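Biologist: I would like to learn how to read a protein model step by step, beginning with the whole chain and ending with single residues. Could we go through one together?

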Amino acid sequence: MRPSPRAADHLIERASVPRERRLAAFGPPGLIRRAQSLGCEDRAGTGVATPPMEGHRVPEAATRRRTVPLPQGSIELAWAALTDVGRRREVNQDAVFAEYPLFVVADGMGGHIGGEIASSSTVNRLEAIVGSGSVTPKTIEKALAKAVKDIASHPEATDDGTGTTVTGVFLELTGDEPHWVSLNIGDSRVYLLRDDTLVQITTDHSVVQELVAAGRLSPEEAEHHPYGNVITRAVGPSDSVRPDYIRLDVLDGDRFVVCSDGLTKELTDYGIQHFLREHEDPADAAAAMMDAALENGGRDNVTVIVLNVTRTD
């Protein structure tokens, strides 16, 4: 069972987000359907991953570091990112960008290579605003609007359902106190390990999450629901889509995990927490999660960012 996002209410300040969801869809009206995953349904809760299957080369992670000076003290960041095609897919439709101050994952969907086009277009536009030195909700939304146009105009993005999730966090230094801001469209996730408790910060934009929120489905039932691959919001199918934003205090010792659903299909929240506890170094933690996800089936592309926060006053 995943911890409820409401468990984080004492940690966060939720921003007001419009409920409008206008999506060009295929399948059931108003929905976006991912390609069905094949393979076993086993998901690991914990345990050290055994070596990956022969013939599959696991990418290597490297921990990067950045010191952010404050008027009083500083914030020390350490992070690592990994992405892998998995064991059942031929193309990696995930994309990842992890450069201060923005850490995001995009999980594409669509026929042929449409999903790869959607996720890479979105990440490229977000990378550009980091290069410009201005990462705010306003610049993020402008970048996403440009990504929608990029996707629509690409000659190989011919599927009406071509789109991507985008999920992550960025460090906001405006105001008296620094804050983390999470952003989310779709069902990729941001987790926060604080005070040795793992909390899912983002809320999935999915059919099963809406059924859970309405009390029509339990979290246990949601794990294997037939609409588990259907999301209700994405970048690409609509001309206008805004992320959900959540602001969080910057506290010493916090650890973030940003991941595509290729990780959470294979690891429970308890498993994610286990590997964070076992591996303090972000690269080691990310590699351990990746190994476990691939060993447990690797039914989808897998992408994970691990970000450690140290704050000194």
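Modeller: The turns that follow take up the chain as a whole, then a sheet, then the helices and finally a few backbone details. Please keep in mind throughout that this is a predicted model.

Biologist: How many helices and strands does the protein chain have?

Modeller: The protein chain has seven helices and 15 strands. Of its 313 residues, 53% count as buried, and the accessible surface comes to about 14,000 Å², with 49% of that belonging to carbon and sulfur atoms. If you take the contacts with a separation of 6 or more, 73% of them are accounted for by residues 24 or more positions apart.

Biologist: Which strands make up the open sheet, and in what order do they stand?

Modeller: The general idea is that strands of a sheet pair through backbone hydrogen bonds, either parallel or antiparallel. Here the open sheet has six strands in the order β3-β4-β15-β14-β10-β11, and the pairing is antiparallel. Because β3 (64-69) and β11 stand at the edges with a single partner strand each, one side of each is left without a neighbour in the sheet. From one strand to the next, the twist averages 20°.

Biologist: Which helix packs on the sheet, and which strands does it touch?

Modeller: Helix α6, residues 269-278, packs on the sheet and touches β10, β11, β14 and β15, while its direction makes about 130° with that of β11.

Biologist: I would like to follow one strand in detail, so which strands pair with β14?

Modeller: Strand β14 (residues 255-259) pairs with strand β15 (residues 302-312) in the antiparallel sense over five bridges, and β10 and β14 likewise pair in the antiparallel sense over five bridges. You can find these pairings residue by residue: Phe256 stands opposite Leu307 in β15, Cys259 stands opposite Val304 in β15, and Leu193 has Arg255 in β14 as its bridge partner.

Biologist: Are the residues of β14 buried or exposed?

Modeller: A residue is called buried when its relative accessible area is under 20%. Five of the five residues of β14 are buried, so this strand is largely enclosed by the rest of the structure. Arg255, Val257 and Cys259 point one way from β14, whereas Phe256 and Val258 point the other way, and all are buried.

Biologist: How should I describe two helices that pack together, for example α6 and α7?

Modeller: One can give the angle, the distance between the axes, the handedness of the crossing and the residues that meet. Helix α6 and helix α7 (residues 282-295) pack at an angle of about 140° with their axes 9 Å apart, and α6 passes α7 in a right-handed crossing. Ile272, Phe275 and Leu276 in α6 meet Ala285, Ala288, Met289 and Ala292 in α7. By class, this contact of α6 with α7 divides into seven nonpolar, no polar and no charged residues.

Biologist: At what angle do α1 and α2 pack, and which classes of residue make their contact?

Modeller: Helix α1 (residues 114-132) and helix α2 (residues 137-153) pack at an angle of about 145°, with their axes 8 Å apart, and α1 passes α2 in a right-handed crossing. Among the residues making the contact are Ala118, Arg125 and Leu126 of α1, together with Ile140, Leu144 and Asp150 of α2. The contact of α1 with α2 has eight nonpolar, three polar and three charged residues.

Biologist: Where in the backbone should I look for a cis peptide bond?

Modeller: Look at the step from Tyr100 to Pro101, where the peptide bond is cis and omega is near 5°. Pro101 has its place in the loop between β5 (94-99) and β6 (102-109).

Biologist: Which residues other than glycine have a positive phi in the loop between β10 and β11?

Modeller: Asp195 has a positive phi of about 55° although it is not a glycine, and it lies in the loop between β10 (189-194) and β11 (197-200). Asp196, with phi near 65°, lies in that loop between β10 and β11 as well.

Biologist: Why does Asp195 count as exposed, and Asp196 as partly exposed?

Modeller: Exposed means over 50% relative accessible area, and partly exposed lies between that and the buried limit of 20%. Asp195 counts as exposed because its relative accessibility is 72%, while Asp196 counts as partly exposed because its relative accessibility is 46%.

Conventions
Residues are numbered from 1 along each chain as its sequence is written. This is a predicted model: local features need pLDDT of at least 70, side-chain atom pairs count only at pLDDT 80 or more; totals for chains, interfaces and linings use all residues. Side-chain values use heavy atoms; hydrogens and water are left out. Helices (H or I, at least four residues) and strands (E, at least two) are DSSP runs, numbered from the N terminus. Buried means under 20% relative accessible area, exposed over 50%, partly exposed in between (1.4 Å probe, protein chains only). Contact means heavy atoms within 4.5 Å. Accessible areas come from the Shrake-Rupley method with a 1.4 Å probe; for residues, only the protein chains shown count as cover. Axes are lines fitted to C-alpha atoms, for helices over the stretch in contact, and angles run from 0 to 180 degrees between N-to-C directions. A crossing is left-handed if the near helix is turned anticlockwise from the far one by less than a right angle, and right-handed if clockwise. Ala, Val, Leu, Ile, Met, Phe, Trp, Tyr, Cys and Pro count as nonpolar, Asp, Glu, Lys and Arg as charged, and the others, Gly among them, as polar. Two strands pair if DSSP finds at least two bridges between them.
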